[in-house]
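Please open the model in your viewer and keep the selection panel at hand. The tour below proceeds stop by stop, stating at each what to select and what is found there.

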Amino acid sequence: MAVRPLDHTSCALVLKYTVQAAGTVTKGMCVKLGTVETDVLSASTNEKAIGIALESGVAGDIVNIAMLGCGGIVPVLIGTGGSTHGEHAICTTNGVTNQTLGGGTTVKYIVGTFLETCVVGDYGAMVLNGRFASGAA
């Protein structure tokens with residue numbers, strides 16, 4: 001368990017977005033673009049995330065988003081499957097979790113690399129990688 005996850009958001013590109021109508025975002029989870037360019041909402045399993053929410057919000061709130069592919073280390077909410085330091089990370093319905101690449105044809109969208117090993121519900125440090133897709137089982 002990461003008692004105090006690494007947090008170097010000063011190196012990250014952080015942009016402000018509005019939470020989409022009828023949408024929510026949760027601190028430490030992946031977000032995706034909403035129906036317009038200035039809106040975001042929570043991303044679910046294997047969706048094309050654009051960043052990590054640095055705070056929680058509901059419809060109409062303005063929230064800070066650490067953009068993927070722009071560097072930095074942010075604390076993320078660890079989802080089902082946990083995290084292992086050095087492993088690639090993907091979005092899941094309840095956070096961010098490990099993803100082993102290869103061995104299949106299902107497209108997986110990688111959002112980062114874990115720096116800490118954690119269990120579900122913890123916050124752990126993740127390097128914001130450039131968003132890329134890879135095949136996996």
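A search of the whole structure finds one salt bridge, a term that requires a side-chain nitrogen of Lys or Arg within 4 Å of a carboxyl oxygen of Asp or Glu. Select Lys32 and Glu47: their side chains meet in this contact, at 2.9 Å from N to O. The pair links distant parts of the chain, 15 residues apart, with Lys32 in strand β3 and Glu47 in the loop between β4 (39-42) and β5. Strands here are DSSP runs of E of at least two residues, numbered from the N terminus.

Before moving on, note that this is a predicted model, in which local features need pLDDT of at least 70 and side-chain atom pairs count only at pLDDT 80 or more, while totals for chains, interfaces and linings use all residues. Residues are numbered from 1 along each chain as its sequence is written, and side-chain values use heavy atoms, with hydrogens and water left out.

Are the two partners buried or exposed? Lys32 has a relative accessible area of 21% and is therefore partly exposed; Glu47, at 26%, also counts as partly exposed. The classes are buried (under 20% relative accessible area), exposed (over 50%) and partly exposed in between, with a 1.4 Å probe and protein chains only.

Next, select Leu33, which lies in strand β3 (residues 30-33). Leu33 counts as partly exposed because its relative accessibility is 42%. Display its surroundings: leaving aside residues up to four places away in sequence, Leu33 touches Tyr17, Asp39, Val40, Leu41 and Ile50, where contact means heavy atoms within 4.5 Å. The C-alpha atoms of Leu33 and Ile50 are separated by 7.0 Å, although the two residues are 17 apart along the chain.

Now colour strand β7 (residues 62-67), which pairs in the antiparallel sense with strand β1 (residues 14-19) over five bridges. Two strands pair if DSSP finds at least two bridges between them. Thr18 has Ile62 of β7 as its bridge partner. Strand β5 (residues 51-53) is also antiparallel to β7, through three bridges; here Ile52 is matched with Ala66.

Turn then to an open sheet of five strands in the order β8-β12-β11-β9-β10, with antiparallel pairing. Its edge strands, β8 (73-77) and β10 (95-99), each pair on one side only. Direction ignored, neighbouring strands of this sheet are turned by 55° against each other on average, the axes being lines fitted to C-alpha atoms and angles running from 0 to 180 degrees between N-to-C directions.

Begin at the β8 edge, where five bridges join β8 to the antiparallel strand β12 (residues 123-136). Ile73 stands opposite Val127 in β12.

Continue to strand β9 (residues 88-92), of whose five residues four are buried. Three bridges join β9 to antiparallel strand β11 (residues 106-114), and Ala89 has Gly112 as its partner there. With β10, strand β9 forms a hairpin that has two residues between the strands. Five bridges hold this antiparallel pairing; Cys91 is partnered by Val96.

Finish at Tyr123: the charged end of Lys27 sits over its ring, 5.9 Å from the centre. The criterion is NZ of Lys or CZ of Arg within 6 Å of the ring centre and within 35 degrees of the ring normal.
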